[in-house]
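Dear colleague,

Please find below the structure that I am handing over to you. My notes on what was found in it follow directly after.

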Amino acid sequence: MPDPLVAAWQWLLQPAFTLWGVASSWLEIVAVLLALAMVGFNIRERHWGWPLAIVSSLLYFGLFSRSKLYGDAALQIFFAGVAFWGWFNWLRGHRPDGSALRVARLSARGCWAVVAACAVLWPLVALFLIRFTDTDVPWWDAFPTAVSLVGQYLLGRKYIENWLVWLVVNTVSVGLFAYKGLWLTTLLYTAFIGLSWLGWQAWKRRLVAGAPAMP
């Protein structure tokens, strides 16, 4: 790694302030600010949230790795990669029938598929963490990791239900990050709970009245 990048990384790891007896780094501060901006763009259905997601996710990878939250750390790499796909979808994507990619609802079948995917992914991620990492919270770490995979897909395809998925993820994550002493990130995810609800309401207003559910 070039010297300027090493120096920048070392600066990011320096404590910025202490919150409830735990030091918060500049890395956490920058990641929090970028994540807030990202969600703001997502609520407004602006594609610029995706490049912010890439940078924020890479920063959170470093932060979560240092806290032994390996599921969430790996998730950030996935987020960074999927953000390119989401960015493309929001710029050039379309529905299977060729129509423009707009905010839509899942069908009843699609909702059950979301529940089933979460139910399958959660134990798979947990068992992976138990087998290959030294995390002390495998099941707790695995839940938001698994459910976030589903939420990210729904967001990329502009399904309004993504906000309900994020509401669940953010609520569970608040407890997880508080347990790990990541207080600034805990406050961020507390704010995300409210922003998820705002996103749900904002996207509901964008739906065309009487539009059919999407498959």
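Alanine 31 lies in helix α2. With a relative accessible area of 0%, alanine 31 is buried. Apart from its neighbours within four places in sequence, alanine 31 is in contact with Ser56, Leu59 and Tyr60. Its C-alpha atom is 5.9 Å from that of leucine 59, although the two residues are 28 apart in sequence. Please bear in mind, here and below, that this is a predicted model.

As for the overall arrangement, the protein chain contains eight helices and two strands. Read from the N terminus, the order of the elements is α-β-β-α-α-α-α-α-α-α. The chain has 215 residues, of which 48% count as buried. Among the contacts with a separation of 6 or more, 68% are between residues 24 or more positions apart.

Two pairs of helices deserve your attention. The first is α4 and α6, whose axes come within 10 Å and cross at roughly 0 degrees. An angle under 35 degrees counts as roughly parallel, and therefore α4 is roughly parallel to α6. On the α4 side, the residues that make the contact include Leu75, Phe78, Phe79, Val82 and Trp85. On the α6 side, they include Pro144, Leu149, Gln152 and Tyr153.

The second pair is helix α7 (residues 162–179) and helix α8 (residues 183–206), with axes that come within 8 Å and cross at roughly 165 degrees. Angles over 145 degrees count as roughly antiparallel, so α7 is roughly antiparallel to α8. The crossing of α7 past α8 is left-handed. Among the residues of α7 that take part in the contact are Trp163, Trp166, Leu167, Val174 and Phe177. Their counterparts in α8 include Tyr189, Phe192, Ile193, Leu195 and Trp200.

The aromatic residues form a further topic. A pair of aromatic rings is described by the distance of the centres and the angle of the planes. Rings whose centres lie within 6.5 Å are taken as a pair, and by this rule the count is 15 aromatic pairs. One of them joins phenylalanine 78 and phenylalanine 79, with ring centres 6.3 Å apart and planes at 50 degrees, so this pair is tilted. Phenylalanine 78 is partly exposed, at 34% relative accessibility, whereas phenylalanine 79 is buried, at 11%.

How are the rings of tryptophan 85 and tyrosine 153 arranged? This aromatic pair is stacked, with 5.9 Å from centre to centre and 15 degrees between the planes. The pair links distant parts of the chain, since tryptophan 85 belongs to helix α4 (residues 70–92) and tyrosine 153 to helix α6 (residues 138–156), 68 residues apart. Tryptophan 85 is partly exposed, at a relative accessible area of 33%. Tyrosine 153 is also partly exposed, at 45%.

One aromatic cluster is formed by Tyr60, Phe64, Phe177, Tyr189 and Phe192. You have already met Tyr60 as a contact of alanine 31, and Phe177 as one of the α7 residues that meet α8.

Charged groups are also found over aromatic rings. The charged end of arginine 95 sits over the ring of tyrosine 159, at 4.7 Å from the ring centre. Likewise, the charged end of arginine 131 sits over the ring of phenylalanine 132, at 5.0 Å from its centre.

Finally, I would draw your attention to three residues in loops. Valine 137 is located in the loop between α5 (108–132) and α6. Is valine 137 buried or exposed? Its relative accessible area is 8%, and buried means under 20%, so valine 137 is buried. Leaving aside neighbours within four places in sequence, valine 137 contacts Leu69, Leu176, Tyr179 and Lys180. Valine 137 and lysine 68 are 69 residues apart in sequence, but their C-alpha atoms are 9.2 Å apart in space.

The other two residues share a feature of the backbone. Glutamate 45, in the loop between α2 (26–43) and α3 (49–66), has a positive phi of about 60 degrees although it is not a glycine. Lysine 158, which is not a glycine either, has a positive phi of about 60 degrees as well. Lysine 158 is placed in the loop between α6 and α7 and is buried, with a relative accessible area of 6%.

Yours sincerely,
A colleague

Note on methods. Residues numbered from 1 in each chain as written. Predicted model: local features only at pLDDT ≥ 70, side-chain atom pairs only at ≥ 80, totals over all residues. Heavy atoms only, no water. Phe/Tyr/Trp six-rings, centres within 6.5 Å; stacked < 30°, edge-to-face > 60°. Buried < 20%, exposed > 50% of the residue type's maximum accessible area, 1.4 Å probe, protein only. Helix = DSSP H or I, 4+ residues; strand = E, 2+ residues; numbered from the N terminus. Lys NZ or Arg CZ within 6 Å of the ring centre and 35° of its normal. Axes fitted to C-alpha atoms, helices over the stretch in contact; angles between N-to-C directions. Parallel < 35°, antiparallel > 145°, perpendicular 65-115°, else oblique. Left-handed = near helix turned anticlockwise from the far one by under 90°. Contact = heavy atoms within 4.5 Å.
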